[in-house]
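The following exchange examines how certain descriptive terms apply to a protein model. Each reply sets a value against the criterion for the term.

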Amino acid sequence: MLTIFKSKAAAEVIMYQKHSKPILDLLGKDVNRGVITADEADAAIARLESEIEQRKGKPAAADGKADKEGQADNDDDKQRNAEAVSFSTRVYPLLEMLRAAKKGGYPVAWGI
């Protein structure tokens, strides 16, 4: 299932729900339907930037929660780990949308 973030301030941002859920959980929002108003944008941006800082230097695999026992033992596992997307990379388009929405005074909505 997809989450499609919409705002008059920017182009749509589309994510798989399994990727958008951790982001929206951080913001205290429902993954199925919601809105971040222009007034809420400052707090949302600050929370996401704070999470990015906390995760810096951690591996992207399993959203930064890779354990020592599960490290790659074969070439397929190494390839998958190399292709993992970091939290900061995944959240960047939404952060840019939030910044533009805040600047323009528009909400960001999904599930509508």
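Q: What is the phi of glycine 57, just after helix 2?
A: In this predicted model, glycine 57 follows directly on helix 2 and takes a positive phi of about 85 degrees. Glycine 28 likewise has a positive phi, of about 70 degrees, just after helix 1.

Q: How do you know what span is expected of helix 2, and what does it reach?
A: The expected span is 1.5 Å times one less than the number of residues. Helix 2 (residues 38-55) has 18 residues, for which 26 Å is expected, and the reach from its first C-alpha to its last is 26 Å. The helix is therefore close to its expected span.

Q: Which residues of helix 2 are called buried, and what makes them so?
A: A residue is buried when its relative accessible area is under 20%. In helix 2 this applies to Ala41, Ala44, Ile45, Leu48, Glu51, Ile52 and Arg55.

Q: Why are the buried residues of helix 2 said to line one face?
A: Viewed down the axis of helix 2, its buried residues fall within an arc of 130 degrees, so they line one face of the helix. Their cover includes helix 1 (17-26), strand 3 (34-36) and helix 4 (87-104). On the other side of helix 2, Asp39, Ala43 and Glu53 are exposed.

Q: What puts the buried residues of helix 1 where they are around its axis?
A: The residues concerned are Gln17, Ser20, Ile23 and Leu24. They cover an arc of only 125 degrees around the axis, which puts them on the same side of helix 1. Among the elements that cover them are strand 1 (2-7), strand 2, helix 2 and strand 4 (108-110).

Q: Why does tyrosine 16 count as buried or exposed?
A: The cut-off for exposed is over 50% relative accessible area. Tyrosine 16 has 52% relative accessibility and therefore counts as exposed. Its place is in strand 2 (residues 10-16).

Q: What makes the nonpolar surface patch that includes Tyr16?
A: Leu2, Ile14 and Tyr16 make this patch, which comes to about 330 Å². Nonpolar side chains are joined into a patch within 5 Å, for residues with over 30% relative accessible area; the 52% of tyrosine 16 accordingly satisfies the accessibility condition.

Q: How many of the residues in the chain are buried, as a percentage?
A: Of the 112 residues in the chain, 28% are buried. The chain has four helices and four strands, running β-β-α-β-α-α-α-β from the N terminus.

Conventions:
Residues numbered from 1 in each chain as written. Predicted model: local features only at pLDDT ≥ 70, side-chain atom pairs only at ≥ 80, totals over all residues. Heavy atoms only, no water. Helix = DSSP H or I, 4+ residues; strand = E, 2+ residues; numbered from the N terminus. Buried < 20%, exposed > 50% of the residue type's maximum accessible area, 1.4 Å probe, protein only. Arc of directions from axis to C-beta. Contact = heavy atoms within 4.5 Å. Patch = residues over 30% accessible without salt bridge, like charges linked within 9 Å, V, L, I, M, F, W, Y side chains within 5 Å. Areas by Shrake-Rupley, 256 points an atom, 1.4 Å probe, with all protein chains shown as cover. Salt bridge = Lys/Arg side-chain N within 4 Å of Asp/Glu carboxyl O.
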